Amino acid sequence: MVRSSSGIVAGLTAAALAAIGFLAYQASADVPSGLGSSRAADSSTTEAAKAPRDRQHPTALPAASGTGRRVVYSVDDDRVWLVGAGDRVKRTFKVTPGTVDPAPAAYVVTSRSGKITGSDGVAVEHVVRFTNVSGVAIGFSAALNDTTSTPAPSKKLGGIRESREDGTAMWEFATIGTRVTVIK
């Protein structure tokens, strides 16, 4: 029996698509929990309301900001806490947010870049990303010129800028899979 060349091509194409589908399934099955999405599986530790603050110690870690090793980012206070084992604050610092804020929730660090050009055209380093909002990547970074100026409100920017010193601390602390808790 003689097959036409189009039948052979169709058969090879079907076999190739099946192989690609199987390999894609295997790859997704091996991804650690939480890394395949921008949100952690359990966001129950994050309150939608503003987390209570210690008025006498405004830099103190807010109550209801989760437990365990994590990054805590307050959208309202423009502050970050790097929290180690035993809920001990290793470092806290002010940041300058982009124009697009992440929703209060629990996330994980999904990607990192050593040095890139930010979406605002500024050269940045130590980029630590943890979610996307309407196609805008949200993450922490430090400008190489060490500026943390407020971005133009007309642009959709997700970069949360920190000083270079704080950016280095974030880079060393927040590796892939590290929890990031966003609070109001």
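This is a short dialogue on how to read the helices, sheets and pocket of a predicted model.

Reader: Before we begin, what should I know about the model and its numbering?

Author: Residues are numbered from 1 along each chain as its sequence is written. The model is predicted, so local features need pLDDT of at least 70 and side-chain atom pairs count only at pLDDT 80 or more, while totals for chains, interfaces and linings use all residues; side-chain values use heavy atoms, leaving out hydrogens and water.

Reader: Which helices and strands does the protein chain have, and in what pattern?

Author: Helices (H or I, at least four residues) and strands (E, at least two) are DSSP runs, numbered from the N terminus. Here the protein chain has two helices and nine strands. Along the sequence they follow the pattern α-β-β-β-β-β-β-β-β-α-β.

Reader: How do I read a sheet, and in what order do the five strands of the open sheet stand?

Author: Strands of a sheet pair through backbone hydrogen bonds, either parallel or antiparallel. Two strands count as paired if DSSP finds at least two bridges between them. In this structure, five strands form an open sheet with mixed pairing, in the order β3-β2-β1-β9-β4. Strands β3 (89–94) and β4 (105–108) each have a single partner strand, so one side of each is left without a neighbour in the sheet. From one strand to the next, the twist averages 20°.

Reader: Where can I see both kinds of pairing?

Author: Look at β9 (residues 179–183): four bridges join β4 to β9, and these two run antiparallel. Four bridges also join β1 to β9, but this pair runs parallel. T181 in β9 is opposite A106, and V72 stands opposite T181 as well. Further partners in β9 are V180 for Y107 and R179 for V108.

Reader: Is β4 buried or exposed on its two faces?

Author: In a regular strand the side chains alternate between the two faces of the sheet. Buried means under 20% relative accessible area, exposed over 50%, and partly exposed in between (1.4 Å probe, protein chains only). Both faces of β4 are covered: A105 and Y107 are buried on one side, A106 and V108 on the other. As for β9, four of its five residues are buried, so β9 is largely enclosed by the rest of the structure. For the protein chain, buried residues make up 35% of the 184 residues.

Reader: What does V80 touch outside its own stretch of sequence?

Author: Contact means heavy atoms within 4.5 Å. V80 lies in strand β2 and is buried, with a relative accessible area of 0%. Leaving aside neighbours within four places in sequence, V80 is in contact with V71, V72, Y73, R91, T92, F93, V95, F140 and M170. Take V95: V80 and V95 are 15 residues apart in sequence, yet their C-alpha atoms are 7.1 Å apart in space.

Reader: What about the sheet of four strands?

Author: That open sheet has the order β5-β6-β7-β8, with mixed pairing. Its edge strands are β5 (111–117) and β8 (159–162), each pairing on one side only. The twist from one strand to the next averages 30°. Six bridges join β5 to β6 (residues 123–133), and the two run antiparallel; R112 stands opposite V128 in β6.

Reader: How does helix α2 sit against the sheet?

Author: Angles run from 0 to 180 degrees between N-to-C directions, along lines fitted to C-alpha atoms, for helices over the stretch in contact. Helix α2 (residues 164–173) packs on the four-strand sheet, touching β5, β6, β7 (136–143) and β8, and its direction makes about 55° with that of β6.

Reader: Finally, how much space lies in the largest pocket, and what lines it?

Author: On a 1 Å grid over the protein atoms alone, a pocket is an open set of points where a 1.4 Å probe fits, with protein on both sides within 12 Å along at least five of seven lines; lining residues have an atom within 4 Å of a point. A volume is the space filled by probe spheres set on the points, which are joined across faces, edges and corners. The largest pocket holds about 400 Å³. Of its 29 lining residues, the closest to its centre are G118, S119, D120, G159 and R161. Strands β5, β6, β7 and β8 are the elements giving two or more residues to this lining, and β7 gives the most, with five.
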